[in-house]
Amino acid sequence: MALLETRDLTKEFGGLRALDRVNIAVERGELVSLIGPNGSGKSTLINTITGMLEPTAGDITYAGTDLVGMKPFEIAQLGVGRSFQTASIFPELTVSENVEVAAFAAEHDSFSVNFFRRRDAYDEVRERTDHILETIELDAKAEETAEALPYGDKRRLEVAIGLATGPDLMFMDEPTAGMSPGETEMTVSLIRELLEDWGMTIFLVEHDMDVIFDVSDRIFTLHEGQVIARGPPEEIRDDPAVREAYLGGEEA
Ligand code: ADP
Ligand code: MG
């Protein structure tokens, strides 16, 4: 059974059909990417799966559980994480405090109030925070105030906050947007580490095609809310429908 599956997932905004009967399946441990021109529905698909938006029609199952109608925090508790946008960062807290807050929130959800009475609770959270900051290479900046970080570090802190909740499946929406080549490279090696060492499943939306073709096991292509192509990178690269979607009919 696939870890995540959508069946005829449809999302309308007024008269606009942003997702049109989307059927995708993600297996445990793989990295799938979602590509498509601007406005093709990529963020809407992530937001619908993670409970930020309610689908108009269709099904979503994660590890056999029906996600439709569940709240974002309930979906997060099942092990579905996302690398949030900057809004999830507390600017006045330090880097490590930001990660601790997220880790505490997750522990609170999974172990209930008793968690806070356990003497080793804080140690566990600290340990997890340190591990995450090392992985993400922010350990040297752990005591810096979040708002003082350069842009690329802020984006990686968002990933760290997403990881703190201990997800099995992680959604990343354009994690390298606005990053320098060096920062992009660091993010790519981080993604590899999450896959290989942490055994995570990753669902990536990314505009950088070099990154996409480099890291993906499989790629889904969206165009006007529909999946127009799916397959391994080498197939997608040469797919005429994909080229046409990106060229936007300019060829004619
Ligand atoms: P992508 O992430 O691929 O660029 P989006 O999922 O953001 O595309 O948007 C898909 C379509 O849905 C676009 O036409 C966009 O304008 C529209 N859309 C996205 N979010 C909303 C919203 N909250 N309300 C109305 N329309 C939206
Ligand atoms: Mg988007």
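**A tour from the charges to Thr94**

Begin by selecting the charged side chains of this predicted model: the protein chain carries 22 positive and 49 negative charges, and the mean positions of the two sets are 4 Å apart.

Next, show the whole protein chain as a cartoon, where the secondary structure comes to ten helices and ten strands. If you turn the C-alpha trace along its principal axes, the span is about 65 × 40 × 35 Å. The radius of gyration of the protein chain is 19 Å, which agrees with the value near 18 Å that a compact globule of 252 residues would have.

Now switch to a surface view, in which the protein chain exposes about 12,100 Å², with carbon and sulfur atoms supplying 49% of that area. Beneath the surface, buried residues make up 47% of the 252 residues. If you then display contacts between residues with a separation of 6 or more, 65% of them are accounted for by residues 24 or more positions apart.

For the last stop, select Thr94, which is found in the loop between strand 6 (80-83) and helix 3 (95-111). Is Thr94 buried or exposed? Its relative accessibility is 11%, and because buried means under 20%, Thr94 counts as buried. To see what surrounds this residue, leave aside its neighbours within four places in sequence and select Ala142, Glu143, Glu144, Thr145 and Ala146, with which Thr94 is in contact.

Technical notes
Residues numbered from 1 in each chain as written. Chains lettered and ligands numbered in written order. Predicted model: local features only at pLDDT ≥ 70, side-chain atom pairs only at ≥ 80, totals over all residues. Heavy atoms only, no water. Helix = DSSP H or I, 4+ residues; strand = E, 2+ residues; numbered from the N terminus. Rg over C-alpha atoms; globule rule 2.2 N^0.38 Å. Buried < 20%, exposed > 50% of the residue type's maximum accessible area, 1.4 Å probe, protein only. Contact = heavy atoms within 4.5 Å. Areas by Shrake-Rupley, 256 points an atom, 1.4 Å probe, with all protein chains shown as cover. Lys, Arg positive; Asp, Glu negative; His and termini not counted. Charge placed at Lys NZ, Arg CZ, Asp CG, Glu CD.
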